[in-house]
Structure formats: structure tokens, C-alpha cells
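Colleague: I am new to this model and would like a close look at one part of it, with the surroundings explained as you go. Please pick a residue to start from and lead me outwards.

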Amino acid sequence: MKPSDIFKCEKCGDCCKGYGGTFVTEKDIKAIAGYLKTDHKSFIKDYCYMSGSRPVLAQQKNGYCIFWDKICTIHPVKPKMCKQWPFIKSVLIDVNNWQIMASVCPGIRIDMPDDIIGECVRKELSKNQ
Ligand code: SF4
Ligand code: SF4
């Protein structure tokens, strides 16, 4: 079984709306700020809000990520969190998170045994370290 057997993005954009906020790492900030031709400080001020001590991408009034406009407008440099979705660590901690995520993501297949889901998530995470 390959990761693409259990998830295929349908490009609906639902994961770019609401759903707990998108954290950006220092590496993400550097890449996105460079792509937007701005600097670190201005990027945080113009495109993020702080969640505790961590910057999170701001949202538009309609609830979508500030970079969503029918497509992801920063696709080549989108944050690690977006690149990894839905193959994220929290699924390895509790496989039920896969089913919970499926309720907001139509691309996720839920008719798969837990061991296959775990195997695919581990495979994808090892590629994206
Ligand atoms: S919610 Fe799922 S299917 Fe829709 S765009 Fe996001 S990853 Fe793709
Ligand atoms: S950065 Fe792109 S992929 Fe990530 S939440 Fe925003 S619009 Fe969606």
C-alpha cells in the first residue's frame, strides 16, 4: 500500500479554512518571506498572528487562510504543516486522529486498517524530515 492509496487531494480547500491554525516554522517564514519579497518582521506583522509564542498564518474574514484564493497562492513554499497534511505525527500518537481529520478532508480514505494508515504516515514523514 502506498500513501497515495489512502489519500488523494481533491483540491476543495477545506483544510485551508479554520481547522486549528497553520503554524509556521523559522524555515517556513524564511522561504515564504523570500517568495513574497518581504522580510521576516514584516511577514509576521502582515500575514501572521501569535498563538502563544508561535506565529500562525492569519485568516481572512471568510475563515480561509490569508494565502487561499481558490488555490494556495504560496504553493511552492507553503508551510511544512501544509506539505505534510494529512501524514502528520499526531496520527502515529493516536490513529483515531486519521478518522477525525477525514471528517474535514474528503481526500482521506477511512476504509483502511490502522496498521496500513500507520505505515503510510511513517513512510511520508520519513521523506519530509
Ligand atoms: S481538505 Fe483534503 S481534499 Fe480538500 S484541499 Fe485539503 S487536503 Fe485536499
Ligand atoms: S498556506 Fe496554502 S496550503 Fe497552507 S493553509 Fe494556507 S492556503 Fe492552505
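Modeller: Let's start at Cys48, which, leaving aside its neighbours within four places in sequence, is in contact with Val24, Pro55, Val56, Leu57 and Ala58. Contact here is a matter of distance: the C-beta atoms of the two residues, placed from the backbone, lie within 7 Å. Please keep in mind that this is a predicted model, in which local features need pLDDT of at least 70 and side-chain atom pairs count only at pLDDT 80 or more, while totals for chains, interfaces and linings use all residues. As for the labels, residues are numbered from 1 along each chain as its sequence is written, and chains are lettered from A and ligands numbered from 1 in the order in which they are written.

Cys48 belongs to strand 1, residues 48-51. Strands and helices are DSSP runs numbered from the N terminus: E over at least two residues for a strand, H or I over at least four for a helix. Strand 1 pairs with strand 2 in the antiparallel sense, over four bridges; pairing requires that DSSP finds at least two bridges between the strands. Within this pair, Tyr49 stands opposite Val56, and Ser51 stands opposite Arg54. Two residues lie between the strands of this hairpin, where Gly52 takes a positive phi near 65°.

Now follow strand 2, residues 54-57, where Pro55 and Leu57 point to one face and are buried, while Arg54 and Val56 point to the other and are not. In a regular strand, side chains alternate between the two faces of the sheet. A residue is buried if 20 or more other C-beta atoms, placed from the backbone, lie within 10 Å of its own, exposed if there are 12 or fewer, and partly exposed in between.

Cys48 and Leu57 also lead us to the largest nonpolar core, which has 13 residues; among those with the most contacts inside it are Cys48, Leu57, Ile32 and Phe43. A core of this kind is a set of buried Ala, Val, Leu, Ile, Met, Phe, Trp, Tyr and Cys residues joined through C-beta atoms within 7 Å. Helix 2 and helix 3 (40-47) are the elements that give two or more residues to this core. A second, separate core has ten residues, including Ile6, Trp98, Met101 and Val121. Val121 lies in helix 7, residues 114-127, and counts as buried because it has 24 C-beta neighbours inside 10 Å. Beyond four places in sequence, Val121 is in contact with Phe87, Val91 and Leu92.

Leu57 takes us on to ligand 2, whose surroundings also include Cys16, Cys65, Cys72 and Cys82. To count as near the ligand, a residue must have its C-beta atom, placed from the backbone, within 6 Å of the molecule. This shell divides into nine nonpolar residues, one polar and one charged. In that scheme Ala, Val, Leu, Ile, Met, Phe, Trp, Tyr, Cys and Pro are nonpolar, Asp, Glu, Lys and Arg charged, and the others, Gly among them, polar.

Ligand 1 has its own shell, with Cys9, Lys11, Asp14, Trp85, Cys105 and Pro106 among its members; six residues there are nonpolar, two polar and three charged. Asp14 sits in the loop between helix 1 (3-6) and helix 2 (26-35), and is partly exposed because it has 14 C-beta neighbours inside 10 Å. Asp14 touches Val104 and Cys105, not counting residues up to four places away in sequence. The C-alpha atoms of Asp14 and Pro106 are 8.7 Å apart, although 92 residues separate them along the chain. Lys11 is in the loop between helix 1 and helix 2 as well, with a positive phi near 55° despite not being a glycine. Trp85 is joined to Pro86 by a cis peptide bond, with omega near 0°.

Stepping back, the protein chain has seven helices and two strands, running α-α-α-β-β-α-α-α-α from the N terminus. Of its 129 residues, 23% count as buried.
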